[in-house]
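Take a walk through this structure, one element at a time. Keep the sequence at hand as you read.

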Amino acid sequence: MSEPDKQNIGDGGDNFSSAAQKTAEAAKKIGQASAQKAAAVGGDAAAKGAAAAGATAAANASAAVVQASIEGGQAVAQVAAGTASGGPWGAILSAAWAMRHTLFKILIAVCLCLLFLIVMVVSLPSIIFNYIFHTDPATVPSSAPTNITEIYDDMSETVSGCVTGGYDYARAEVERIIADGGYDYDLSTEATIDYGHVSADYDVCYILAAYSASMDQKGTTKEDMKAKLDAVASLMFPVTYEVKETTVTTQPEDELAEPTTETVQYVECTIHPFDASVILSAFGVDPDSTYGEYNVRTGDAIESMATALKRTLYGVTASGQVPPITDAELTAFLDNLTCSPARKELMRTALSLVGRVSYFWGGKSGPGWNDEWGTPKLVTASGSSSTGTLRPYGLDCSGFTDWTYKTALGVSSIGAGTSGQWANSYAITEAELLPGDLGFEDVGAAINNHVLLFAGHDENGKNLWVHCSGGYGGVALNSPTYVKYFRRVSGIDLENMTVP
């Protein structure tokens, strides 16, 4: 290093006044930048109001520390360069590391950490961050985990248990309706339509955020949250029913006697999908009210907190980039299909995951709803840019098609991976496509192959495909143009198969 480039501690060669002014100004800017960042995370202005107060306070503290430290020592004059290259954050770091005394660098680093913590506190649900930062120590159990993933898994398990309790209540309600009405048990059980079993559509991050917001981020405990969710268990999966009649023929024990017929009443019960509105009821939340001291809607603040938590856990904001299909939309879609009952059941099952399950490289699952979907998992399968990263657990393309056949029809497997499903199917023409048939992007075991399920046609006659795609962030229903090969699963008679 040449002599002019040396930086000796205490050489007194800096313009303290100019550096102090510029660095303090840069420090103050960080408050505004942090609030804007929080708003960007939530996708709207809700988080800005929630984070602005804490961020501004921390920024003023940063400015004060920067000012005092510079006036007591030395600082570099390149603060403006830091601002140009990295915005206010870059300016603060540039000024901090340009100071000659290590103590001043430590002070700035501590100040930045304090700012980060404050922004985290006002942006994340307290039921999560309290376990880490102990902002409300009295509500933190001594054995509570301190790793955010472990905390989330623990909370997710609690929420899942509450939702399972709600589903069990709905099943018991079906049994009660059958028994109280004296309806034929076997016919009624066979006629039960169970949407809850296939798709438990709830968002753990949203539930944690709603509970935390309802408590004004204070005094939150897992036990209290569980008690409030259990109190609305009977409302989670609504049950409706319709009384029907059928004629039953009975063959008497005496083979010579004539068979007898009788009219039997049975009941067709429908367990509807999870009703997300009960979350707000459970916690007594009015989404249109003003949240705390901030000039934002409570509903927007909850969405922002849930989004911040998802970004913290996964680096992404949602399971997918497409909205879920509602129960009414699903029923209307199925009513417009002209195909066998088995093919309709495949579509009902596949479409129930649209917008609800993430794309996860190497993601496979057994039949039925998987409570691990949506929880953070490490991608261990090789061959993807996501390998080694933490993502919300879900399905990959072949995992989705295999899951659909398993869940809808009880098929053990239609093949492992796209190559296995290609090998376990045979070619058909595009004109022969029926709901439940497979579409492929490439041939056989091609590394970039993608498999989809044919779902019918849209109002313009375009092919509709339901598939789990990394490009859409999860299960989607759309009309991709890259599908080139059309195949039908071997060994399964979808035209005459009895739906389990």
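How many bridges join S2 to strand S3? Twelve, and the two strands run antiparallel. S3 covers residues 260-271. One pair to look up is valine 248, which stands opposite glutamate 262 in S3. Bear in mind throughout that this is a predicted model.

Now widen the view to the sheet. This sheet is open, has three strands and follows the order S1-S3-S2. Its pairing is mixed. Strand S1 (193-194) and strand S2 (239-250) are the edge strands, each pairing on one side only. Helix H6, residues 148-181, packs on the sheet and touches S1, S2 and S3. The direction of H6 makes about 155° with that of S3.

H6 also leads into the largest nonpolar core. That core holds 52 residues. Val159, Leu208, Leu229, Ile279 and Phe283 touch the most other members. Several elements each supply at least two residues, among them H6, S3, helix H9 (204-214), helix H10 (222-230) and helix H12 (277-283). The largest share comes from H6, with eleven residues.

Look closer at phenylalanine 283. Leaving aside residues up to four places away in sequence, phenylalanine 283 touches Ile207, Ala210, Tyr211, Ser214, Met225, Lys228 and Leu229. A second, separate core has 39 residues, including Phe360, Phe400, Tyr405 and Leu464.

Next come the strands further along the chain. Strand S9 (residues 438-440) is joined to S10 by three bridges, and the two run antiparallel. Here phenylalanine 440 stands opposite valine 451 in S10. S10 also pairs with strand S11 (residues 463-469), again in the antiparallel sense, over four bridges. Leucine 453 has valine 466 in S11 as its bridge partner. S10 and S11 form a hairpin, with five residues between them. In the turn, glycine 461 has a positive phi of about 85°.

Is S10 mostly covered or mostly open? Strand S10 (residues 451-457) is mostly covered, with six of its seven residues buried. As background, side chains in a regular strand alternate between the two faces of the sheet.

Finally, check the cysteines. Cysteine 205 counts as buried because its relative accessibility is 1%, and the cut-off for buried is under 20%. Cysteine 269 is buried too, at a relative accessible area of 0%. How many disulfides does the structure hold? The count is zero.

Key
Residues are numbered from 1 along each chain as its sequence is written. This is a predicted model: local features need pLDDT of at least 70, side-chain atom pairs count only at pLDDT 80 or more; totals for chains, interfaces and linings use all residues. Side-chain values use heavy atoms; hydrogens and water are left out. A disulfide is a pair of cysteine sulfur atoms within 2.5 Å. Buried means under 20% relative accessible area, exposed over 50%, partly exposed in between (1.4 Å probe, protein chains only). Two strands pair if DSSP finds at least two bridges between them. Contact means heavy atoms within 4.5 Å. Axes are lines fitted to C-alpha atoms, for helices over the stretch in contact, and angles run from 0 to 180 degrees between N-to-C directions. A nonpolar core is a set of buried Ala, Val, Leu, Ile, Met, Phe, Trp, Tyr and Cys residues joined through side-chain atoms within 4.5 Å.
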